[in-house]
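Visitor: Hi, I'm new to this one. Could you walk me through it?
Guide: Happy to, let's have a look together.

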Amino acid sequence: MSTHLLRLIVALLLAVPALLIASPASACACGGIASNDPAAQVSQETAIVSMAGRRETIDMRLSMRSVRSDAALIVPTPAPATVSAGDSALFDKYEAISAPRTETRRHWWSRSSDYDGARAGALPPGSAAGGSGPEVVGRVQLGPLDITTLTGGDLTGLQKWLSGNGYQLMPAVSAALAPYVSERWSFVAIKLTSPNALSGPLDPIRLEFDSDTLVYPMRMSVAATGTQMVDLYVLTDHRQQRTDADVSRQQGHVLYAGRLDDGRYLTTIQTMIIAPQTISSDFVFADAADDSPYQQVIYKDSDVTIMGVMAGPFLLVAGMIIVVVGIALAGIAIRRHRTAA
């Protein structure tokens with residue numbers, strides 16, 4: 001599937017367990033899509049991560065293709081999150097800012113290849129009886145999304161609450177929940193309630209919560225089966241870099257780094273995870289060594305020709321001819337002068 005939608009989001013299952021078991025789940029960053037539409041898939045995931053003091057904000061925008069709308073998602077957060085509608089314009093804004101600039105490379109000596117451009121920059125557990133259930137600390141309806149904020153309880157209690165409210169977690173997703181529960185994280189349960197088919201982007205969602213570090217939940221993605229692509233716009237006071245234990249095992253690079261007009265610093269980071277089963281930590285960010293700016297460059301090649309010949313060799317030969325003719329004419333002139341003398 002395409003670029004990433006929110007790997008913090010975890011889980012998708014059917015309201016009817018039998019259908020959930022019968023239909024195959026498509027791979028995605030969150031670990032799987034549970035739907036009676038076997039072709040259902042998340043086609044795009046984008047997230048804006050920002051920090052102000054100890055308050056972190058994650059804006060996520062999901063695009064999904066399915067003939068039905070029966071999926072559900074679970075997003076872990078370090079503390080209970082306040083959920084509200086996001087701003088679509090922000091995604092367009094940061095995408096435009098992070099876009100590579102185009103420069104033309106003029107070739108004088110040899111023709112450019114058929115490749116019309118080059119990109120500069122770094123490349124790119126089953127539930128048991130009993131259990132302490134979670135506390136519902138917030139609930140909001142945003143368009144077709146029914147969103148509930150949960151905190152507290154143990155894994156068994158969380159599983160029972162989710163199952164009793166129409167969320168039928170698959171085993172791999174349940175296992176991925178366990179580390180967050182043991183660390184006393186909270187969860188945002190997102191259920192798509194619209195009877196209409198999904199084919200395109202949903203309005204963005206904003207999650208705000210307290211956190212000691214700038215973090216992007218990723219451990220739920222351990223349940224995924226295919227390569228994961230994570231694209232993040234990270235906004236804070238300084239240029240950011242990842243400091244978590246998984247950074248050396250994943251292919252990540254900065255697409256853009258620069259200070260914005262409002263004084264904040266934007267770091268756009270893209271990460272490819274070829275083996276999601278090796279994920280052991282969330283993305284954790286910290287200030288980079290300096291605030292040096294960076295922007296990718298796409299080069300467009302242009303051949304400089306004269307009469308169909310590359311300008312460099314043409315001018316070199318022409319220059320040599322002019323020099324030889326000049327020398328010859330000078331020699332003739334000298335001989336004539338001596339003869340006349």
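Visitor: What phi does G166 take, just after α3?
Guide: G166 takes a positive phi of about 90 degrees. Helices (H or I, at least four residues) and strands (E, at least two) are DSSP runs, numbered from the N terminus.

Visitor: And what kind of model are we looking at?
Guide: This is a predicted model, where local features need pLDDT of at least 70, side-chain atom pairs count only at pLDDT 80 or more, and totals for chains, interfaces and linings use all residues. Residues are numbered from 1 along each chain as its sequence is written, and side-chain values use heavy atoms, with hydrogens and water left out.

Visitor: Back to α3. Is the helix mostly covered or mostly open?
Guide: Mostly covered: seven of the ten residues of α3 are buried, where buried means under 20% relative accessible area, exposed over 50%, and partly exposed in between (1.4 Å probe, protein chains only).

Visitor: Which ones are buried in α3?
Guide: They are L155, T156, G157, L158, Q159, W161 and L162.

Visitor: What do those buried residues pack against?
Guide: The buried residues of α3 pack against β3, β7, β8, β9 and α4 (171-182); contact means heavy atoms within 4.5 Å.

Visitor: Nice. In what order do the strands of that four-stranded sheet come?
Guide: The order is β3-β9-β8-β7, an open sheet with antiparallel pairing. Two strands pair if DSSP finds at least two bridges between them. At the edges sit β3 (72-77) and β7 (135-142), each pairing on one side only. From one strand to the next, the twist averages 20 degrees. Axes here are lines fitted to C-alpha atoms, for helices over the stretch in contact, and angles run from 0 to 180 degrees between N-to-C directions.

Visitor: How does α3 run relative to β8?
Guide: Helix α3 (residues 155-164) packs on this sheet, and its direction makes about 160 degrees with that of β8.

Visitor: Why is β9 called largely enclosed?
Guide: Because six of the seven residues of β9 are buried, the strand is largely enclosed by the rest of the structure. Strand β9 (residues 186-192) pairs with β8 (residues 145-151) over six antiparallel bridges, with V188 as the bridge partner of T149. Six bridges also join β9 to β3, again antiparallel, and there T77 stands opposite S186.

Visitor: Switching topic: what is the order of the three-stranded sheet?
Guide: That open sheet runs β12-β17-β14, with antiparallel pairing. Its edge strands are β12 (214-216) and β14 (240-242), and the twist averages 35 degrees from one strand to the next. Three bridges join β12 to β17 (residues 283-287), and F285 is the bridge partner of L214.

Visitor: One more: what is the volume of the largest cavity?
Guide: About 70 Å³. On a 1 Å grid over the protein atoms alone, a cavity is a set of points where a 1.4 Å probe fits but cannot get out, and lining residues have an atom within 4 Å of a point. Grid points are joined across faces, edges and corners, and a volume is the space filled by probe spheres set on the points.

Visitor: Which residues lie nearest its centre?
Guide: M60, L62, L145, L202 and I205, out of eleven that line the largest cavity. Strand β2 (residues 55-66) gives the most to that lining, with three residues.

Technical notes:
1 Å grid on protein atoms, 1.4 Å probe; cavity = no way out; pocket = protein on both sides within 12 Å on 5 of 7 lines; lining within 4 Å.
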